[in-house]
Amino acid sequence: MEVLCLLAVEEEVAQVVRANLERAFPSWRFETATSAGELKGWAGRNVDVLVLSRFLPGEDPVRLLKKLREFFPVSHVVLLAGAESDAQRAYVRAAKELGFTGIVTGRLPGDRPYTIFEALREVEKELEEERTMEELTPVEIPPVKKERGMLVLVAANKGGVGKTTVAVSLAVALARGGVPVALVDYDFASPDATAFFGLKGTPGVELLAGKPVTGELLRRVLVRARPGVDVLPGPADGAVPPFRAGQVTEITRELLKMYPVVVGDTPAAYVVKPWLKELFGIAEYVLAVVDQSRFSEHNVKSYAAKLLEAGVKPERMGIVLNRFSPRLASPKKVENWFKEALKGRAKAFPMVVAVVPSDWEAHVRCGHKGKVVGLEDPSAPWHRLAERIAAAARHEYRPVKRSFFARLFSKS
Ligand SMILES: Nc1ncnc2c1ncn2[C@@H]1O[C@H](COP(=O)(O)OP(=O)(O)OP(=O)(O)O)[C@@H](O)[C@H]1O
Ligand SMILES: [Mg+2]
């Protein structure tokens, strides 16, 4: 497999660096980005190695470092810090604090012994080790059939890791991008999707238990939480309603006839619930939320295995890293743990599809007011995820910045 190395360096040195590296690493493919804007254009693409210069124009270098993992969660990163100065020292300190280890200092090719060549040779070794695990192919979200909506479930085997945050953020992002969504709270015992929108106590799915499921009945129970986001609340009293066998799936299938995307928030202890196993079986896409601050290697591996047992098809999983901190295990490591756990039991392995930073105090401020943290930021991870899901659901994703009123009064 080819190695793609992106050189994010200033115009003045780009050609020289590229020519020298092409000679030293003849089997790699090199591309260049000579501004921060160009670099961002590469986000979400499969960049194996990223070489980033402190002198890349277009963005404050330390601010760019802080954002880097959101754009390139799994790339190997080599930083070119430049010759010694106060700014260089501050940059190196910030980089180390953020967990970056490949830092080349000095004028190019860098202070010996750790020159850019040495740094990339180290990366090459790491890539080789990763290769040994790569007989599995990465998951692409499979497109749905035209006549039916797409079911996306958000899962986790622990409470409080951010399932509801992910489900709500994704639903709001999709709706604001022009894709109508039904958000279903399958966490019947402790439903909290309505709480997020300030609608706590609204009855929901309990009104359907035992009744024939029709679109008309559903429309009466669904609550419009935001333009384009209709919520099917969990039971207001948190008592699991007396559903017929198969009824939860019936409800879901009916919703899939009504909406291009149905996003479901699921309970944490899923293995024991047969209806949930059914749902996992029909889901197009399952987002496994991993809270980096609370998941160890062992946790991640047993989680991956548990998802398989719960009926989730590995070729339909995506990983969302929540409360991400560059100081903890790298996203690539988390991917590899999934791979190891699924090896021999699956043909595909899930990729990290969104990295949600933890330093968002804003979560506390916005929580329970139905405000999604970071959505105004065009680089927010939700946009890229929503875009991929919309594409699989055969919908265009157009994240527009218009006021709610403007959206309410224009039909398009
Ligand atoms: N990236 C983050 N940074 C800061 N706070 C976060 C982040 N993600 C979630 N939170 C906060 O953590 C708390 C738990 O999140 P959330 O309710 O989404 O988890 P959950 O998995 O749905 O929990 P439960 O198992 O109780 O349903 C919430 O108060 C939420 O605002
Ligand atoms: Mg929840």
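Here are three short exercises, with worked solutions, on this predicted model.

**Exercise 1.** Find which residues coordinate the magnesium ion (ligand 2), and work out which parts of the chain they tie together.

*Solution.* Start at the ion: magnesium (ligand 2) is coordinated by T164 through OG1 and by D192 through OD, at 2.0 to 2.6 Å. Next, place each residue. T164 belongs to helix α6 (residues 163-176), while D192 sits in the loop between β8 (181-185) and α7 (193-196), so the pair ties together parts that are 28 residues apart in sequence.

**Exercise 2.** Decide whether T164 and D192 are buried or partly exposed.

*Solution.* Take T164 to begin with: its relative accessible area is 12%. Buried means under 20%, so T164 is buried. Now turn to D192, which has 30% relative accessibility and therefore counts as partly exposed. For the wider setting, buried residues make up 55% of the 412 residues in the protein chain.

**Exercise 3.** Describe the lining of the second largest pocket, and explain where this pocket lies relative to domain 1 and domain 2.

*Solution.* Begin with the volume, about 670 Å³. The lining has 31 residues, and R69, H76, T101, E126 and S330 lie nearest the centre. Sorted by class, the lining holds 15 nonpolar, seven polar and nine charged residues. Then look at the elements: β4 (76-82), α5 (116-131) and α12 (331-342) each supply at least two lining residues. Finally, bring in the domains. Both domain 1 (3-132) and domain 2 (150-409) give residues to the lining, so the second largest pocket lies between them.

Methods:
Residues numbered from 1 in each chain as written. Chains lettered and ligands numbered in written order. Predicted model: local features only at pLDDT ≥ 70, side-chain atom pairs only at ≥ 80, totals over all residues. Heavy atoms only, no water. Donors = N, O, S within 2.8 Å, 3.2 Å for Na, K, Ca; no water. Helix = DSSP H or I, 4+ residues; strand = E, 2+ residues; numbered from the N terminus. Buried < 20%, exposed > 50% of the residue type's maximum accessible area, 1.4 Å probe, protein only. 1 Å grid on protein atoms, 1.4 Å probe; cavity = no way out; pocket = protein on both sides within 12 Å on 5 of 7 lines; lining within 4 Å. Points joined across faces, edges and corners; volume = space filled by probe spheres on them. Nonpolar A, V, L, I, M, F, W, Y, C, P; charged D, E, K, R; others polar. Domains from an automatic or database assignment.
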